[in-house]
Amino acid sequence: MLIDSYDRVVDYLRVSVTERCNFRCTYCMPEKPFSWVPKENLLTFEELFEFMKVAIDEGVKKIRITGGEPLLREGLDKFIKMIYDYEPKVDLAMTTNAYLLKGAAQRLKDAGLKRINVSIDTLIPSVAQDIAGKDVLKNVLAGVEEALKVGLKVKANMVPMKGVNANEILNVLEYCKERNISVRFIEYMENKHAKEDIKGMKSPELLAHLREKYTFSDDGFDGTSPSHYYTLEDGYRFGIIEPYEDDFCKKCNRIRLTAEGNLIPCLYFDEAMSISESIKAGDIKGAALVLKEVVRTKPEKNRWGGEDGEVSSRAFYETGG
Ligand code: SAM
């Protein structure tokens, strides 16, 4: 079992399989980065799988594939199947923008994927175009419907932004509620790569807006999820992710791996250690030592918006959010 210096069990690994994305979301990657990480610096799926085995053997029970846009990387279903065949009990999930999901959902499900989180920031095509930089909504919604059809469990993420999509909070919730998809509103997190002038919404404003239409109870935090949950009178549950609170740090169980092999103990820290060299050399013991060291040095709290207002210089598309 992996236990950090604050007695937290670390059993959740998020793996960014590519930093590339087919969207240019204003809050994440408005401009194509000056250069992508060269392909030869990325770990192959076989190499990533070697590390997945190490992580699973050490106690990781949940693996989420993310990016960039994970569906851009060819052979993703085979990677998922490798993990599934090694340990079918691993909770295999993916975070995607769903643009390419319609054609991939069945293959991913057959490979062993259980759940997906989809970014649904808007239900208005022109707003989707403004946020993502191209006309994406039709494909995204078709991807969501297909995922539901093939039996993947689906959750939605929305980043509400003032003057952009904040007026759609209720509509997105309704869309999700009708499909029994739990939606989580994510407070916009400032970062050096996002478009300037984005004004996110904090939890109190979001809640006030939602109260105009709904009555709901406050369920607080649930297990290790960073989401603060609320339940409507009819039993539908939605969440708010509040990175400016450090409440969820107390139960944080996650670490992150980038496509280049950097293992990151906290989304809001720039520190990382590479597993690339040991994995490429077939040094499994070495990779396990790096994993344990990263877990040991996992910080107690995120540094987000702390006294010095620090923002991470690492991009969300690199860490996978
Ligand atoms: N391409 C996939 C997607 O769109 O979901 C996966 C990668 S994306 C970086 C993962 C998550 O990070 C998404 O839910 C996205 O909304 C979130 N995200 C990215 N930048 C963010 C920001 N500045 N503030 C809050 N959430 C952000």
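These are my notebook entries on the ligand site, the open and closed spaces, and the salt bridges of this structure, which is a predicted model.

**Entry 1: the ligand**

I began with the surroundings of the ligand and found a shell of 20 residues, of which Tyr-27, Gly-68, Glu-69, Ser-119 and Met-189 come nearest. Sorting the shell by class, I noted 11 polar residues and 7 nonpolar ones, together with 2 that are charged.

I then looked up individual polar contacts. Two of the entries involve a nitrogen atom of the ligand: for Glu-69, a polar side-chain atom lies 3.0 Å from such an atom, while for Met-189 it is a backbone N or O atom that lies 2.9 Å from one. On the oxygen side, I recorded a polar backbone atom of Thr-96 at 3.5 Å from an oxygen atom of the ligand. As for cover, the ligand has 550 Å² of accessible area on its own, and the protein covers 94% of that area.

**Entry 2: the cavity**

Next I asked how many cavities of 30 Å³ or more the structure holds. I found 1, and the space in this largest cavity comes to about 60 Å³. Its lining consists of Ser-16, Thr-18, Glu-19, Val-37, Leu-42, Thr-258, Ala-259, Glu-260 and Glu-318, which I sorted into 3 charged, 3 polar and 3 nonpolar residues.

**Entry 3: the second largest pocket**

I turned from the cavity to the second largest pocket, which holds about 220 Å³ of space. Thr-18 and Leu-42, already listed for the cavity, are among the residues lining this pocket, together with Val-17, Arg-20, Lys-39, Leu-43, Leu-72, Arg-73 and Glu-74. By class, I wrote down 4 charged and 4 nonpolar residues for the pocket lining, with 1 polar residue besides.

**Entry 4: salt bridges**

Searching the whole structure, I obtained 16 salt bridges, and I followed one of them, between Glu-50 and Lys-53, in which the closest N and O atoms are 3.2 Å apart. How are these two residues, Glu-50 and Lys-53, placed in helix H1? I noted that helix H1 runs over residues 45-58 and that Glu-50 and Lys-53 are 3 residues apart within it, so about one helical turn separates them. As a general reminder to myself, side chains of opposite charge can pair when their charged atoms come close.

Terms used: Residues are numbered from 1 along each chain as its sequence is written. This is a predicted model: local features need pLDDT of at least 70, side-chain atom pairs count only at pLDDT 80 or more; totals for chains, interfaces and linings use all residues. Side-chain values use heavy atoms; hydrogens and water are left out. A residue is near a molecule or strand if one of its heavy atoms lies within 4 Å of it. A polar contact is a pair of N or O atoms within 3.5 Å; within protein, one must be able to donate a hydrogen and the other to accept it, and residues adjacent in sequence count only if both atoms are side-chain atoms. Accessible areas come from the Shrake-Rupley method with a 1.4 Å probe; for residues, only the protein chains shown count as cover. Ala, Val, Leu, Ile, Met, Phe, Trp, Tyr, Cys and Pro count as nonpolar, Asp, Glu, Lys and Arg as charged, and the others, Gly among them, as polar. On a 1 Å grid over the protein atoms alone, a cavity is a set of points where a 1.4 Å probe fits but cannot get out, and a pocket is an open set with protein on both sides within 12 Å along at least five of seven lines; lining residues have an atom within 4 Å of a point. Grid points are joined across faces, edges and corners, and a volume is the space filled by probe spheres set on the points. A salt bridge is a side-chain nitrogen of Lys or Arg within 4 Å of a carboxyl oxygen of Asp or Glu. Helices (H or I, at least four residues) and strands (E, at least two) are DSSP runs, numbered from the N terminus.
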